[in-house]
Amino acid sequence: MCIFRHRFAFILLLVILGACSSGESELPAGVDQKVFRYSMDSAPTSLDPVRASTLYANQLVVNLYDTLYVYKYLQRPYELRPNLATAMPEISPDGLTYTIPVKQGIYFADDPAFPGGKGRELTAHDFIYSLKRHFDPSTRPAGAWLWQGRIVGLDEWKQAGSDYAQEIPGLRATGSHVVQIRLKRPYPQLVDTLALGFSGVVPREAVEYYGREFSINPVGSGPFRLVSYDSSRAVLVPQENFRREVVDLEYEGYDAATQSQYGVALIDGRIPPFIDQLEIYFIKEGSARWSSFTKSNEIQYAGLPNEQVDRVLVSTNPVTLNPGYAEQYHMKTALEAGFVFSTFNMDFPEFGYNDDPERERRNHALRCAMIRGFDWESRNDSWYSGIGKVFPGIIPPVVPEYDAGLSRDSVIYDPEGARSLLAANGWNTATLPVLTYGTTPGPTSRLFFEQFRAWMMRIGYPKEKIVLKTYATFGDIAKAWRNSELPLISKGWGLDYPDAENTLQLFYGPNASPGSNDGNYRNAEYDEMFRQAGVMLPSPVRTDLYHRMNQLVIDDCVAITGLSRVGIALWHKNVIALPDRNFVGGRFMYYVDVLDPDAPEVQALR
Amino acid sequence: MEVFQYVLRKLLAGIPLVLGVTLISFVLIVYFGPDKTYELLGKNPTADEIAEIRSQLGYDQPFVTRYMDYLREIVTLDFGSSESTDEKVSSILARTVPTSIALAIPGFVLGNLLGVVLALVAAYYRGFWVDKFIMGFAAVGMSISFLIAIIGFQILFSSSDGLDLLPVRGWDMSTPLQYIRYVTVPTLATVFVALGYNTRFYRAVIVEEMTRDHVRTARAFGVPPVQLFYRNILKNSMIPIVTRIMFSIPVIVISGSLLLESYFGIPGVGKVTYDAIVTGDQPILKAVVVLTAVLFVIAQLLADICYRVVDPRVSLK
């Protein structure tokens, strides 16, 4: 009995000691290791580049795989630079042939998929194989739309059965380290697409070795390799075969005036990756993420949740941290590379196109009135801490083609004007059509609806004529959008590349449902301008075309738009980085350094 | 021999039950579940691409063909790969089910043990302040939502605003000490909520047993309270207690706890199942349905055997 009691006491002691010990590292004890713990709102489902369609998947993929080009770490607006390529592409005078030299001596990570487990050298053939996979239906690709109808022979290759042994005239290796792409018509955004996770270069051996499970066994030549991955986190370590390249901050777009406070100058002239382990946590729950972030030994990066804004900030204009937090954390506000907006479905005769020209004219007035009745500033204050950027049209402020001088009439809340417009065009409570508002479950979605309905009631819409339809999952509402089942589509759009073409294509007629033009907007003038601009390199002429297309969308009252959200990112003072959670910014993790919190360099940043 | 025959009989009788459950579930999955197609598609899909994905997912097959495939999968125990991650379903379950069990066991055991002990104390002091205090505590546990309990305990024990003693998130079973570090706060939240329900339920069972004639007689004969509770009350109360415990087991093994796993970043089967439900990942759902049904059959069987153990009057026929 006495022995039992002693054992029990000993076990209890161990339990208490174990439970109360601090520290989170999985790395060997006693070794001074640098771990960066990043957090994302959701988990990626696949790490295969052909399915890197979400922000979360893309952020991992661009760190596991190499792309021919990448966006410069610090340059804003975003600017491309060669990565696997030795230089920017050589483009033929007709803009149809791109010749891209690929670096020699680039090796894939060691993996059992290779003979002897040693990663082999990456060649131009690997890039070609990787791009072909987007046109192989068995891979369930999500990024084929980037190159569909663009590259000579690629679509035909798919139609002929996606036989990898068959060559494609427009996609060739003209040497072991030279890629040549021939286009059907000029595609100025081609180089941007070669910086996306979708164009990550994979080795064929690994795809064949792992089969379907290649999606969770990534084998790339990127700066990191995967150690473990589940629904709660991914753990990456530096890839042993990764090339040694010195950081040239000036080349990466360093701007001392706006970036020196983050300490990024400390990495100049050094060779990344600087960390020993990269842990990416997938945390949907805001309260858990915040609790974890504010500890000293858990996640080191988090977005500021709305519910903490009053506590953490002393001001939102300009965004200023409470001194207590400013002492501990870096803070950066970043304009979203994308925007939120709602589109009327023009295929609904009640709101859009109608066989009766008079009704179509009245529908136009109805849409314009609803746009005037939408209170963007209030939405901004309610949901985005008042720091989002409201702008007219569909060219968001983050792209170089943004038109700062555009009239803001379409985003000014004017319920009286809306009521007058409705009355002048014969709309009243009896004649206004029923509007079905589709959404997914959840309190935020519901409140969005209630806010929208309240605004519409203020312009004279009867409450019972704005009907909520809740879809169980995102997949279900996406199906409704694709199948043109809803008269109003509210969504957010993240830019795939920093070019207004990426948002203008949302209103291009041939992209109508099931394509990305959910509103089924068809305007011959718009489509013609889109086609003209589609083959132009950036120039004032192209920008002018973009602006005219933008104006058409505004004049036709096709969309209630828009707002680009401003995210407030916080990270620990000892983390030397400039995080970027945009689709085009995930590669920043390569440059992250983590210093001892007591190091003089960190003290200097406080 | 009697037990063996009974087990065999029950297992055979369980087959129609499993088939019935799978059929009903499959009807619900096919006709009312989410359509996975639109999550897999890219941004500008053509009608052909939509058809390709639907075909790969088997959506273009008749219901009967798809159900027959399901039955074949049950027989071969090969449910294929997840439509979301492409990982084999068997690997996913092998990886996540043990985690969920390890997460749930401490809370389950402590919640039930403490529930029985507190119920005995409350029943013994029925009507006195001790009883009222315990029942009041139980009512609090029942009234507070699990989500609030989780957030509250997380802030209290783990966050820098609280005691900051244990991790907010994560999971590590590499050593017993690490396991204890990570399982403690989820367990406290589970026990806090479970105690409310368990204590009230067990108290009601025990109080009912205390009013029986044989207990009154034993008391009149001067049987000491501990012996009275152990031999005459607890043993006879065991059937409803065993029933409750046994039928909780499949839920623990398969369902896990979505909230615990989400808030504490624990890679268990609860989160996998939830994600499969909301995204329409049918291979995972099909496997989970079968496993749950089979576990319920086994739990029922074990419960019957336990009845016999705790009450020799029960016959396994």
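In the predicted model, A:Y38 stands opposite A:I280 of strand β10(A). This pairing belongs to a parallel match between β1(A) and β10(A), the latter covering residues 277–282. Six bridges join the two strands.

Both strands are part of an open sheet in chain A. The sheet has four strands, in the order β1-β10-β9-β8, and its pairing is mixed. β1 (35–40) and β8 (224–229) of chain A stand at the edges. Each has a single partner strand, so one side of each lacks a neighbour in the sheet. On average, neighbouring strands of the sheet are turned by 25° against each other, direction ignored. Strands of a sheet pair through backbone hydrogen bonds, in either the parallel or the antiparallel sense.

A helix also lies across this sheet. Helix α2 of chain A, residues 55–64, crosses β1, β8, β9 (233–238) and β10 of chain A. The helix runs at about 130° to β8(A).

Chain B is built from helices. It holds 13 helices and zero strands. Read along the sequence, the pattern of chain B is α-α-α-α-α-α-α-α-α-α-α-α-α. The C-alpha trace of chain B spans about 85 × 60 × 35 Å along its principal axes. Of the 317 residues in chain B, 38% are buried. Among contacts in chain B with a separation of 6 or more, 70% link residues 24 or more positions apart.

Helix α8(B) departs from a straight course. A straight helix of 35 residues would span 51 Å at 1.5 Å a residue. The end C-alpha atoms of α8(B) are only 41 Å apart. A kink of about 40° lies at B:V183 in this helix. The kink comes shortly before the proline B:P186. α8(B) is also mostly covered, with 25 of its 35 residues buried.

The contact between the chains takes 47 residues from chain A and 49 residues from chain B. Several helices of chain B each supply at least two residues to the side that touches chain A. These are α2 (37–40), α3 (47–57), α7 (146–157), α8 (176–210), α11 (258–264) and α12 (269–279) of chain B. α3(B) gives the most to this side, with five residues. The residues of chain B on this side divide into 21 nonpolar, 16 polar and 12 charged. The kinked helix α8(B) is thus also one of the helices on the side of chain B that touches chain A.

Notes
Residues numbered from 1 in each chain as written. Chains lettered and ligands numbered in written order. Predicted model: local features only at pLDDT ≥ 70, side-chain atom pairs only at ≥ 80, totals over all residues. Pairing = 2+ DSSP bridges. Axes fitted to C-alpha atoms, helices over the stretch in contact; angles between N-to-C directions. Contact = placed C-beta atoms within 7 Å. Nonpolar A, V, L, I, M, F, W, Y, C, P; charged D, E, K, R; others polar. Buried ≥ 20, exposed ≤ 12 C-beta atoms within 10 Å, placed from the backbone. Expected span 1.5 Å × (residues − 1). Bend = angle between axes of the 7 residues up to and from the residue.
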